[in-house]
Amino acid sequence: MATIKTDFWELRSGELAHLKNPESFRIPSLAERQNVHRGQAVRLIFDIEGENEDWSIETVGERMWVIVSEEIGAEYVGILDNQPACSNFEDNVYLRFGVEVPFRAEHIIDVENPPQEYVEWQLGQTPERVWPRE
């Protein structure tokens, strides 16, 4: 999994956020989160570290969609289906539209079924960057 220390971004636990605020922060059931499959879209919360204009470091949270591409044991890999608002394609950072993102069921805060044509297009592309497999 990515970490702020090594990758300048990491995923926030949706389960922990739900436990802290169960009435206002709802997530899909554990069964639904553990049974996502290729082609579904899952929403994750990314904590992303970046520099402000005054060169100070700030970590911002951003909710973004990922299209599930594969399941590896208890983990998933998906393709980021958003461009982070706090970066752009000119930045020399990993996190951008079309890169692979590893995640677990605990990170999922929403599940959707995008149109099949879009899923086929997105998963038919070569990922912008590939997450290393261990």
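Q: How do you know whether the radius of gyration of the chain agrees with that of a compact globule?
A: In this predicted model, the chain has a radius of gyration of 15 Å, and a compact globule with 134 residues would have one near 14 Å, so the value agrees with that of a globule. The C-alpha trace spans about 45 × 40 × 30 Å along its principal axes.

Q: Why is Ser-69 called buried or exposed?
A: The relative accessible area of Ser-69 is 12%, and because buried means under 20%, Ser-69 counts as buried. This residue is found in strand β3, and, leaving out residues up to four places away in sequence, Ser-69 touches Arg-38, Val-77, Gly-78, Ile-79 and Leu-123.

Q: What makes up the largest nonpolar core, and which residues touch the most other members?
A: The core has 21 residues, of which Trp-9, Val-42, Leu-44, Phe-46, Leu-95, Val-101 and Phe-103 touch the most other members. Two or more residues come from each of β1 (9-12), β2 (41-51), β3 (57-72), β4 (75-80) and β5 (100-104), with β2 giving the most, namely four.

Q: Which residues is Leu-44 in contact with, once its neighbours within four places in sequence are left aside?
A: Contact means heavy atoms within 4.5 Å, and the residues in contact with Leu-44 include Leu-11, Met-64, Val-66, Val-101, Phe-103 and Ile-108, as well as Glu-62 and Arg-63.

Q: How many helices and strands are there in the chain, and in what order do the elements run?
A: There are four helices and six strands, and from the N terminus on they run α-β-α-α-β-β-β-β-β-α.

Methods. Residues are numbered from 1 along each chain as its sequence is written. This is a predicted model: local features need pLDDT of at least 70, side-chain atom pairs count only at pLDDT 80 or more; totals for chains, interfaces and linings use all residues. Side-chain values use heavy atoms; hydrogens and water are left out. A nonpolar core is a set of buried Ala, Val, Leu, Ile, Met, Phe, Trp, Tyr and Cys residues joined through side-chain atoms within 4.5 Å. Buried means under 20% relative accessible area, exposed over 50%, partly exposed in between (1.4 Å probe, protein chains only). The radius of gyration is taken over C-alpha atoms; the globule rule is 2.2 Å times the number of residues to the power 0.38.
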